[in-house]
Amino acid sequence: MLVVGEASCRALPGSHPPHCVHRSVNWTICAHSLVDLGGIPADRPREDKSRDMMSAPDQLFSVRNNFYLGAYQAAINSSDLRGLSLEDAVERDCIIYRSYIAQGKLKLVIDEIDDSAPTPLQAVKLLALYLSGPQHKERAISSLQEWLNDSVTGNNLVLRLTAGTIYMHEQDYNEAFKHTNLGGTMELLALNVQLYLKMHRSDHAEKQLRVMQQIDEDHTLTQLANAWLNLAVGGSKIQEAFLIYQDFAERYQETCMTLNGKAICYMHMGQFAEAEPLLLEAMNKDANDAETLANLVVCGLHLGKPSSRYLRFEANSVFDSQLKVSHAEHVLIKRTTAAEENFDRALQVVG
């Protein structure tokens, strides 16, 4: 869901630098694009899960893969699986509710997960509460710390993933790493890659990617993390990132995530005219997707087209500021608002 994109202003040598191109990194929660969603119980060794996966078909592969690639409704629709173990059923339910979070259906998640649910589901509910508005953040973080300090729940992998995600949103990366740096799932490793990229430490992100490649080079999250790193490094790596997103689109289905990924590659190469139709196609799939709206703003600026319909509120506009109204916490909105406030203060000083 999971994505939650980070601005990247790196340009190719000799190209016109993108004006804060937004990279679509979804677990937000990007949320929303990270692994083993149900998690392994804290008292179960990670090696046991690996042996189980080697000896039996992975019934949740399609559900997980749809989720990772941003096909949230497909993940929900393919979740009616029979004969799941209790552990797999909890993981399946976590994927379903995280897909709902990615779709913005936060109240549904909060209402449906009750206090008797297993810890992984409680962690997902906590994430939904955190994302439901600034007025709920303090309560969510307080509950998170309480559960992390509990000897029974503190080591749960989904709770740790939730902690890393929430603190990433808070831009408290040191606190996030306290809960993610030991890894434990591919999803935690992928989150580490995102955290390092947000800190502009592509060298450390590359080390995390190598760990993922040693575990499973072909894993969807490994490939996505590779694309994120390639976008951060730039240069000839941009083409490699494009091929990763294109391969996912051809093998599975085109989603807002893959469309934004390819569009961002074009934008990094200064090919904004090629990026725009991809972003418009993404908007047709989800007119309220934050990263699509943000990237349309950037693309429109470089093409000399009006972007206010996607960015800000205008009293006489039929487009009531989709990004600012629907995603007030988005990094582009925060930076634009801060710039406007600084400009207003400068005018007052001059005046």
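Is C256 buried or exposed, and what is its relative accessibility? At 12%, C256 counts as buried. That's a handy warm-up for the views below, which zoom in on parts of a predicted model.

**View 1. The whole protein: lots of helices and a couple of strands.** Let's start zoomed out. The protein has 19 helices and two strands. Of its 351 residues, 53% count as buried. What remains open to the outside adds up to about 16200 Å² of exposed area, and carbon and sulfur atoms supply 50% of it.

**View 2. Two cysteines and a count of disulfides.** A disulfide is a covalent bond between the sulfur atoms of two cysteines. How many disulfides turn up here? The count comes to zero. Have a look at C94 anyway: this residue is buried, with a relative accessible area of 0%. C256 is buried too, at 12% relative accessibility, which is under the 20% cut-off.

**View 3. The largest nonpolar core.** This core takes in 85 residues. Which residues have the most contacts inside it? They are V109, L144, M212, L224 and W228. Helix α10, covering residues 186–198, gives the most to this core, with nine residues. Now pick out L224 and see who sits around it. Setting aside neighbours within four places in sequence, L224 is in contact with Y68, L69, Y245, F248 and M257.

**View 4. Helix α12, mostly under cover.** L224 is one of the buried residues of α12, so this helix makes a good next stop. Helix α12 runs over residues 220–233, which is 14 residues. From its first C-alpha to its last it reaches 20 Å, close to the 20 Å expected at 1.5 Å a residue. An α-helix has 3.6 residues a turn, so residues three or four places apart point the same way. How many of the 14 residues in α12 are buried? Twelve are, so the helix is mostly covered by the under-20% cut-off. Among them are T220, L221, A225, N226, W228 and L231. Just after the helix, look for G234, which takes a positive phi of about 80°.

**View 5. A75 and its neighbours.** A75 lies in helix α3, residues 72–77. Is A75 buried or exposed? A75 is buried, because its relative accessible area is 0%. Beyond its neighbours within four places in sequence, A75 is in contact with V63, N66, F67, I95 and S99. S62 is worth finding as well: A75 and S62 are 13 residues apart in sequence, but 7.3 Å apart in space, C-alpha to C-alpha.

**View 6. The same meeting from the side of N66.** One of the contacts of A75 is N66, so let's swap seats. N66 lies in helix α2, residues 61–68. At 16% relative accessibility, N66 counts as buried. Which residues does N66 contact, once neighbours within four places in sequence are left aside? The list is A71, Y72, A74, A75, S78 and Q253.

**View 7. Salt bridges between residues close in sequence.** Side chains of opposite charge can pair when their charged atoms come close. A search of the whole structure finds 13 salt bridges. In one of them, D80 pairs with R82, and the closest N and O atoms are 3.6 Å apart. D80 counts as exposed at 56% relative accessibility, and R82 counts as exposed at 65%. D93 and R92 form another salt bridge, with their closest N and O atoms 2.8 Å apart. Here D93 is partly exposed, with a relative accessible area of 24%, whereas R92 counts as buried at 15%.

**View 8. A salt bridge across distant parts of the chain, plus a network.** The side chains of D115 and K125 meet in a salt bridge, 3.9 Å from N to O. Where do the two partners sit? D115 is in the loop between α5 (106–112) and α6 (119–131), while K125 is in helix α6, so the pair, ten residues apart, links distant parts of the chain. D115 is exposed, with a relative accessible area of 69%, but K125 is buried, at 17%. To finish, find D58, R64 and E91: salt bridges that share partners join these residues into one network.

Key:
Residues numbered from 1 in each chain as written. Predicted model: local features only at pLDDT ≥ 70, side-chain atom pairs only at ≥ 80, totals over all residues. Heavy atoms only, no water. Helix = DSSP H or I, 4+ residues; strand = E, 2+ residues; numbered from the N terminus. Buried < 20%, exposed > 50% of the residue type's maximum accessible area, 1.4 Å probe, protein only. Contact = heavy atoms within 4.5 Å. Core = buried A, V, L, I, M, F, W, Y, C linked by side-chain atoms within 4.5 Å. Areas by Shrake-Rupley, 256 points an atom, 1.4 Å probe, with all protein chains shown as cover. Disulfide = S-S within 2.5 Å. Salt bridge = Lys/Arg side-chain N within 4 Å of Asp/Glu carboxyl O. Expected span 1.5 Å × (residues − 1).
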